[in-house]
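Open the model in your viewer and keep the sequence panel visible. The stops below follow one another as selections.

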Amino acid sequence: MWKIGEFSEMTNLTVKTLRYYNEIGLLIPEDVDIYSGYRYYGKKNLQEVKIIEQLKKVGFTLEEIKT
């Protein structure tokens, strides 16, 4: 599992974008620490980012991807 900053570097998505994707329910971290609120991303999330990026490239909106 990776913290949001590490995951941001791996995916070339900003922390702000990752937080936004979480807020709209598009990319939910695999775990969130209930005490600190830290988001932890895993391999499943890495695959989801790849799919999101591919769908964005062919013209899908974030809302369409979410659906």
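Begin by selecting L46, which is partly exposed, with a relative accessible area of 22%; buried means under 20% relative accessible area, exposed over 50%, and partly exposed in between, with a 1.4 Å probe and protein chains only. This is a predicted model, in which local features need pLDDT of at least 70 and side-chain atom pairs count only at pLDDT 80 or more, while totals for chains, interfaces and linings use all residues. Residues are numbered from 1 along each chain as its sequence is written, and side-chain values use heavy atoms, with hydrogens and water left out.

**Around L46**

L46 is found in helix α3. Helices are DSSP runs of H or I with at least four residues, strands are runs of E with at least two, and both are numbered from the N terminus. Show what surrounds L46: leaving aside neighbours within four places in sequence, L46 is in contact with W2, F7, M10 and T11. Contact means heavy atoms within 4.5 Å. Now add S36, which is 10 residues from L46 in sequence and 22 Å away in space, C-alpha to C-alpha.

**Helix α1 against α3**

Select residues 4-11 for α1 and residues 43-57 for α3; the two helices pack at an angle of about 40 degrees, with their axes 11 Å apart. That makes α1 oblique to α3. Axes are lines fitted to C-alpha atoms, for helices over the stretch in contact, and angles run from 0 to 180 degrees between N-to-C directions. Angles under 35 degrees count as roughly parallel, over 145 as roughly antiparallel, 65 to 115 as roughly perpendicular, and the rest as oblique.

Show side chains next: F7, M10 and T11 of α1 make the contact with N45, L46 and V49 of α3. By class, this contact of α1 with α3 has 4 nonpolar, 2 polar and no charged residues. Here Ala, Val, Leu, Ile, Met, Phe, Trp, Tyr, Cys and Pro count as nonpolar, Asp, Glu, Lys and Arg as charged, and the others, Gly among them, as polar.

**Helix α1 against α2**

Keep α1 and add α2: they pack at an angle of about 105 degrees, with their axes 9 Å apart. That makes α1 roughly perpendicular to α2. On the α1 side, pick I4, G5, F7 and S8, which meet V15, L18 and R19 in α2. The contact of α1 with α2 has 4 nonpolar, 2 polar and 1 charged residues.

Is L18 buried or exposed? L18, in helix α2, is buried, with a relative accessible area of 0%. Leaving aside neighbours within four places in sequence, L18 is in contact with I4, F7, S8, L13, L27 and Y41. Measure from L18 to F7 in the viewer: their C-alpha atoms, 11 residues apart along the chain, are separated by 8.9 Å.

**The loop at N12**

Move to N12, in the loop between α1 and α2 (15-23). Most residues other than glycine have a negative phi. N12 has a positive phi of about 60 degrees although it is not a glycine. At 71% relative accessibility, N12 counts as exposed.

**The sheet**

Finish with the strands, which form an open sheet of 3 in the order β1-β3-β2, with antiparallel pairing. Two strands pair if DSSP finds at least two bridges between them. Select β1 (2-3) and β2 (31-32), the edge strands, each pairing on one side only. Then select β3 (residues 39-41), which is joined to β1 by 2 bridges and runs antiparallel to that strand. Within this pair, K3 stands opposite Y40 in β3.
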